[in-house]
Structure formats: structure tokens, C-alpha cells
Amino acid sequence: MRREEDVAGRLVGDAMGVPWVGHDDGSRPGMYDIRFESEPPTALEVVTLTNSAKREDFSAFRWLRGLHGGQELQRHWTLIVQAGTAPSVRFKDVPGRVVRALAVLEDGQVYSIEGGWATGHWRCPHATAAVEVATCIRGGRASSREISPAFPPGVEFVLATSSSWPPDPDSVSDWIEKQLHRPELSDVVRKLRQSGLKERHVFLWIDQMHGPWAMFRHWGTSKTPDTPLRLPQVVTRVWIGGYGSMLWSYCDTEGWQAFDVGLDQPAGPWVDVI
């Protein structure tokens, strides 16, 4: 059983107040993932929407963790790296290149960068260094502050997914509905139809590497959407969850619900995301 399936079984089982068992034991093709001993019994399929570019960034981000350039820099820098965008510089090479460029900017009293240019210094002679930093962080942002005991000299990196996707409830509902009707989910629908059970549920797994960051951030609250979902014909309920504080659910008869049965994220190679 996959990690996501085990967590989904525990979350939904707690929310429904019923025991559950893994159903897909590999003994035959087309088996659904989890069976809940509800009345009537429930079949559940767990769907993870993997963003391969984002997952690769999360894996490679280990090269950027911690504080870099403490000996070369005179300020505390925070650099926001855009995840899931086409890289032109390997993360492994970023710290050395960035520290050298930031030292040049400090020498010119340039203390922030956005969009590839030193803020307030569009024609400064240090524009090349500013562009170098922006290239390394994929067009992200760089800011600095004077050093203090809490903020020693050096540069720290934060990996950020795109925040341009609007995190309002109606957009959340629209995004979930689009995922449920993706052609790639046809196999999920087929398994649920073949289950022969009256209750057929889909669990959409959401975490830092699955789905837009704005969706992950909004799902962590108890504010569910107001807009009804158009469920696939075979699906009777959808659950949205993962590691976090909330579990969401929607069905036509009960509408949107939020359950505070979240699980803490286990130790692992996770990074800060804003």
C-alpha cells in the first residue's frame, strides 16, 4: 500500500467513523484502493496529481539549504527561488555564483532585486550582477537586511511555487472539478464502476508537490468553497486531503464539509515554501 493510500484510509476512516481495509492486493487487475465497512460499503480510489518539475526541484533543493557566504557578505540576504520553472543554472552551482554576485551588489549599495534588476538602480553599473542573481533564482526576488544576532551575514534560499493562481474559494472549487474530469482519471472511474458498490469515492491527495501551492495553502483552512462540484457520474463523493490540519469533502446531498482530522507531516526532505 502506498503512503498516500494509508494516510487517506486513516483520514477518511476517522471522518466517517468506520473501519477500513486495503482492497487492492494485486491479486487481479482493476481493483480499487480501499474499502470502508460503512453502511452501505464504500469503495475509494486515491489520486495523486504529481508535478514532476516541482518534485525534481524539491529533491534538488538540498544544495541550497542552510546559510551560504557568511564570510563574503556583509548583510543577511533572503532569495526566493521559483520552483517548477525551466532552470538555466543547476541548484548545485547556485550558491557560489549568487554569493559572488551579491558581494558585488553590496559593494554598490544595492540591497534588493526583483524581476532581474536591482530595485531603484535600473542603470547602475552592477546590473550584470543583478541579472546573474535573478538568473540563478529563476526570476524570483532577493531582499536583504542589516545583520543582527537573529540574522547573521550570508544568504538563505526559499523555494516558492507560483502564487499567481488565485486562492479564492471559487477558484479552488473550479480547480478540483477540473482534476476530477481529467482524461487521465478514466481508469479511476472504471475501477469504481466495476466495484459494484453504491458508494464510490475519490480522494485527491494534496501536498507541497501535488497541485498548485495556492490550493495547498487554502486547503489548510476550514473555509470550504461555496460553489457546488460537478462530480463524474460514477463518483458519489470526493475527499481532498493529505498531511495538514484539514480534510475536505463534497457530495451532492451534503455539500461541502471540513473535518479537523489532519495528520502531521512525517520527517523527510521537505523545504520551506511560501
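**Entry 1. F157 and its surroundings**

I began with F157 in this predicted model. Leaving aside residues up to four places away in sequence, I found that F157 touches F61, L64, H68, L79, V81, V94, P95, V98 and I137.

I then asked which nonpolar core is the largest and which residues have the most contacts inside it. The largest core has 26 residues, and F157 is listed with L79, L102, V133 and V155 as those with the most contacts inside it. The elements that give two or more residues to this core are β4, α3 (94-107), α4 (127-136) and β8 (154-160). The largest share, 6 residues, comes from α3.

I noted a second, separate core as well, with 25 residues. Among them are Y32, V47, V188 and V238.

**Entry 2. Helix α4**

I looked up which residues of α4 are buried. They are A127, A129, A130, V133, A134 and C136. One of these, V133, also appeared in my first entry among the residues with the most contacts inside the largest core.

I next checked what follows the helix. R138 comes after α4, and its phi is positive, near 60°.

**Entry 3. A salt bridge between α3 and α4**

I recorded that the side chains of E132 and R97 meet in a salt bridge, 2.8 Å from N to O. The two residues are 35 apart, with E132 in helix α4 and R97 in helix α3, and the pair thus links distant parts of the chain. Are these two partners buried or exposed? I found neither extreme: E132 is partly exposed at 22% relative accessibility, and R97 is partly exposed at 29%. I place both in that class because the values fall between the 20% and 50% limits.

**Entry 4. Other salt bridges**

I asked how many salt bridges the structure holds. The count is 12.

I looked at D187 and K191, whose closest N and O atoms are 3.7 Å apart in a salt bridge. Both belong to helix α6 (residues 186-195); they are 4 residues apart, so about one helical turn separates them. As a general point, an α-helix has 3.6 residues a turn, so residues three or four places apart point the same way. D187 is partly exposed at 33% relative accessibility, whereas K191 is buried at 14%. I also noted that salt bridges with shared partners join D187, R190 and K191 into one network.

I then turned to E4 and R3, whose side chains meet in a salt bridge of 3.4 Å, N to O. E4 counts as buried because its relative accessibility, 11%, is under 20%. R3 is partly exposed, with a relative accessible area of 33%.

**Entry 5. E72**

I located E72 in the loop between α2 (52-60) and β4 (76-82). Its relative accessible area is 47%, so E72 is partly exposed, the limit for exposed being over 50%.

Which residues does E72 touch, not counting those up to four places away in sequence? I found V99 and A103. I also recorded the separation of E72 and R100: they are 28 residues apart in sequence and 8.0 Å apart in space, C-alpha to C-alpha.

**Entry 6. Aromatic pairs**

I searched the whole structure for aromatic pairs and obtained 4. One of them is F203 with W205, a tilted pair with 6.4 Å centre to centre and 40° between the planes. I call this pair tilted because its angle lies between the 30 and 60 degree limits. Both partners are buried: F203 has a relative accessible area of 0%, and W205 likewise stands at 0%.

Y250 and W256 form another tilted pair, with 5.2 Å centre to centre and 50° between the planes. Y250 and W256 are both buried. I noted further that W248, Y250 and W256 form one aromatic cluster.

**Entry 7. Charges over rings**

I closed with arginine ends placed over aromatic rings. The charged end of R75 sits over the ring of Y111, 4.0 Å from the ring centre. For R145, the ring in question is that of F151, and the charged end sits over it at 3.8 Å from its centre.

Key:
Residues are numbered from 1 along each chain as its sequence is written. This is a predicted model: local features need pLDDT of at least 70, side-chain atom pairs count only at pLDDT 80 or more; totals for chains, interfaces and linings use all residues. Side-chain values use heavy atoms; hydrogens and water are left out. Rings of Phe, Tyr and Trp (its six-membered ring) pair if their centres lie within 6.5 Å; planes under 30 degrees apart count as stacked, over 60 as edge-to-face and the rest as tilted. Buried means under 20% relative accessible area, exposed over 50%, partly exposed in between (1.4 Å probe, protein chains only). A charge sits over a ring if NZ of Lys or CZ of Arg is within 6 Å of the ring centre and within 35 degrees of the ring normal. Contact means heavy atoms within 4.5 Å. A nonpolar core is a set of buried Ala, Val, Leu, Ile, Met, Phe, Trp, Tyr and Cys residues joined through side-chain atoms within 4.5 Å. A salt bridge is a side-chain nitrogen of Lys or Arg within 4 Å of a carboxyl oxygen of Asp or Glu.
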